[in-house]
Amino acid sequence: MTSDHGKPAPLEAASPSGSRINDFVIKIANVNGTGSASANGLLMKSLFRMGIPVTGKNFFPSNIQGLPTWYEIRVSRDGYRCRSGQVDIMIAMNNETYAEDLAEVAPGGFFLYDATWPRDSQLSRKDVTILGIPLAGMCNEHFDQARSRILMKNVAYVGALAALLEIDMAIIRELLNETFASKAHLVDANQAAIDLGYQYAQEHFSCPLPLRLEAMDETAGHIMIDGNTAAALGCLYAGATVGAWYPITPSTSLMDAFKSYCERYRVDPESGERRFCIVQAEDELSAVGMVVGAAWAGARAFTPTSGPGISLMSEFIGFAYYTEVPIVLIDVQRVGPSTGMPTRTQQCDILSCAYASHGDTRHILLFPADPHECFELAVAAFDLAERFQTPVMMLTDLDIGMNDWMAPELQWDDGYAPDRGKVLTAEQLAEMPDFHRYADVDGDGVPWRSLPGVHPNGAYFLRGSGHTERGTYTENSEEYQRVLDRLEHKFETARDALPAPVVEISADTQVGIISIGSCDGAVREARDLLAGRGYALNYLRVKAFPFADAVDAFIASHRRIFVVEQNRDGQLRRLLLMETQATRQQLSSIRHYNGMPISARDIVEDIGRALNQEVAA
């Protein structure tokens, strides 16, 4: 290899890293607004098409152009999909963060930077190999337009990595042709930038690096997708026709995706008539109010939002609960409290969603672990909302919603028919001597309902204030309490209809893990690592609230359970203590709440320390 500017010289001394194939982390440090997303996406897709399992996580600022941004790619031949907790190759394109980026590289790793400008001699480590490539300089010489020079230096590092890691250049060309199918000149420009980086690396370094890629066959039957896109597809397939929302990070892209799919699939091809309604409201209160109105009228309606939106929507959520209007909310959680850090991830709305609104309310919650489950549970949310005539909230988070995941291909049964629940037809209403909207006819707590305009016999008053089973106004204590008791009975009826938890009993042990949502990947890898140290742990992942009986059974069969979640206050643990037979002594919190996605290392360190102390005691 050669040094920064192509002069034949040994690399700056580094610890031998050893050869590793398809098992390392690449992190790209860039400047927000310089077009790096396209280059990073090209890099990710190239690896995926080589058949290698990959995940990509974007760490970006919430405010203005010009601030630091990072994109992290985990290459994992074993299919691990969480952060590994270390960086092996840093692509440093932002000199403002050089020191921070260099410090993050693991011993034996590589630091590739833009050597167009001299690097501070202090920015060096004996145990990290420094690779300098004059990316901006090469692009300045090759491209005439200033904007192209800025954009193409990012593409050029993809070319350099292609040489250093042995990325299949035919795949890169294939992706460029697909991306710029209607703009051939952009294909050529991007290919030229790729070639610049590739040739420089080939001429000045020993390629490939000890960390390199080999084609595999582990991505067949999978797609690259983010959770918001998958959830939008789920809403489409579920038959949602009304969406109302107020833009908020990190949920906005969900409605953007839903709108694009509706424009493709919900427009009459002959008349051009739109068969959907999407409204950007003036605020979250109005948005959920519109959803309540549309759902009452019989449409499948939803709103995507995040924690601050849930706070503002809470009164309407309680209104829908008490009036029994089936609405769906998708909460893409972010860091709080207040407006918190809008572009960082957390699982901090569990309790506020479980009991949203004032008074005695408990809500059905769904917890997907990845984009594939975002698709499946979005559909389930609409079916459950109508079956039980109540708000249903699906809680994802920024990590699931906005990052790039490798997920099994989305499958759908064309024979799927939405579960509309107990909806009376005009014929049924015509034959009924009396229709009482809030009467528990079947003893399951779920009343029959009618849709507006179907038949005069189905008319009733929708009241958010005290009402009887007939829907008439009341302040009578007994009548009010009967309604509340029936709502509680309905909640209990729903318990057995929700998605079952994932339970993995792999060892004869009384020590287990309970977790939720996007922690799943980190927990799975942590279990493997702990098993390698002699600690085999069983696992349960909750997928819904109210908790299934299987959750109680898992708790009852384990002496000690670590509850892994991404918030400060242990909200899942608190919910388990309130809603199951678990004792405080049984449940130990493993909490991660700095805004970055949890890694297996975070879990292993905490659980390993606790188990070691237990053994020592």
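S515 stands opposite R541 in β19. This is a predicted model, and that pair of residues is a good way into it.

**The five-stranded sheet**

S515 also stands opposite V564 in β21. Strand β18 covers residues 511-516 and strand β19 covers residues 538-542. The two pair in the parallel sense, over five bridges. β18 pairs with β21 in the parallel sense too, again over five bridges. In general, strands of a sheet pair through backbone hydrogen bonds, either parallel or antiparallel.

These strands belong to an open sheet of five, in the order β17-β19-β18-β21-β22. Its pairing is mixed. Which strands stand at the edges? They are β17 (502-504) and β22 (587-591). Each has a single partner strand, so one side of each is left without a neighbour in the sheet. On average, neighbouring strands here are turned by 20° against each other, direction ignored.

β21 and β22 run parallel and are joined by five bridges. Across that pairing, E565 stands opposite R591 in β22.

Two helices cover parts of this sheet. Helix α17 (residues 549-556) packs on the sheet and touches β17, β18, β19 and β21 (560-565). The direction of α17 makes about 150° with that of β19. Helix α18 (residues 571-579) lies across β18, β19, β21 and β22. It runs at about 135° to β21.

How many residues of β21 are buried? Six of its six are, and the strand is mostly covered. In a regular strand the side chains alternate between the two faces of the sheet. In β21, R560, F562 and V564 point one way. I561, V563 and E565 point the other way.

**The seven-stranded sheet**

A second open sheet has seven strands, in the order β11-β10-β12-β13-β15-β14-β20. The pairing is mixed. At the edges stand β11 (277-280) and β20 (544-545). Each of these has a single partner strand, so one side of each lacks a neighbour in the sheet.

β20 runs antiparallel to strand β14 (residues 364-366), and two bridges join them. There L366 stands opposite A544 in β20. Helix α10 packs on this sheet, touching β12 (301-305), β13 (328-333) and β15 (392-397). The direction of α10 makes about 155° with that of β13.

Helix α10 spans residues 307-323 and holds L312. Is L312 buried or partly exposed? It is partly exposed, because its relative accessible area is 43%. L312 forms a nonpolar surface patch with L285 and F316. Together the three have about 240 Å² of accessible area.

**Buried spots**

S251 lies in the loop between β10 (242-245) and α8 (252-265). Its relative accessibility is 0%, so S251 counts as buried. Which residues does S251 contact, leaving aside neighbours within four places in sequence? They are N228, P304, T305, S306 and V332.

Helix α3 (residues 135-142) has buried residues as well: L135, A136, G137, M138 and C139. The buried residues of α3 pack against β6 (105-114), β7 (129-133), α4 (146-165) and α6 (184-204).

**Salt bridges**

The model has 39 salt bridges. Three of them are listed here.

| Pair | Distance, N to O | Separation in sequence |
|---|---|---|
| R49 and E178 | 2.7 Å | 129 residues |
| R362 and E579 | 2.5 Å | 217 residues |
| R420 and E386 | 2.4 Å | 34 residues |

R49 sits in helix α1 (residues 36-49) and E178 in helix α5 (residues 169-179). R49 is partly exposed at 36% relative accessibility. E178 is partly exposed too, at 44%.

R362 and E579 meet in a salt bridge. R362 lies in the loop between α11 (350-354) and β14, and E579 lies in helix α18, so the pair ties together parts that are 217 residues apart in sequence. Why do both count as buried? Buried means under 20% relative accessible area. R362 is at 14%, so it counts as buried. E579 is at 18%, so it does too.

R420 and E386 meet in a salt bridge as well. R420 is in the loop between β16 (405-408) and α14 (426-431), while E386 is in helix α12 (residues 371-388). R420 is partly exposed at 30%, but E386 is buried at 3%.

Salt bridges that share partners also build one network. It joins R81, D370, E373, E504, D520, R524, R527, R541 and K543. R541 is the residue of β19 that stands opposite S515.

Terms used. Residues are numbered from 1 along each chain as its sequence is written. This is a predicted model: local features need pLDDT of at least 70, side-chain atom pairs count only at pLDDT 80 or more; totals for chains, interfaces and linings use all residues. Side-chain values use heavy atoms; hydrogens and water are left out. Patches are made of residues with over 30% relative accessible area and no salt bridge: like charges are joined within 9 Å, nonpolar side chains (Val, Leu, Ile, Met, Phe, Trp, Tyr) within 5 Å. Accessible areas come from the Shrake-Rupley method with a 1.4 Å probe; for residues, only the protein chains shown count as cover. A salt bridge is a side-chain nitrogen of Lys or Arg within 4 Å of a carboxyl oxygen of Asp or Glu. Helices (H or I, at least four residues) and strands (E, at least two) are DSSP runs, numbered from the N terminus. Buried means under 20% relative accessible area, exposed over 50%, partly exposed in between (1.4 Å probe, protein chains only). Contact means heavy atoms within 4.5 Å. Two strands pair if DSSP finds at least two bridges between them. Axes are lines fitted to C-alpha atoms, for helices over the stretch in contact, and angles run from 0 to 180 degrees between N-to-C directions.
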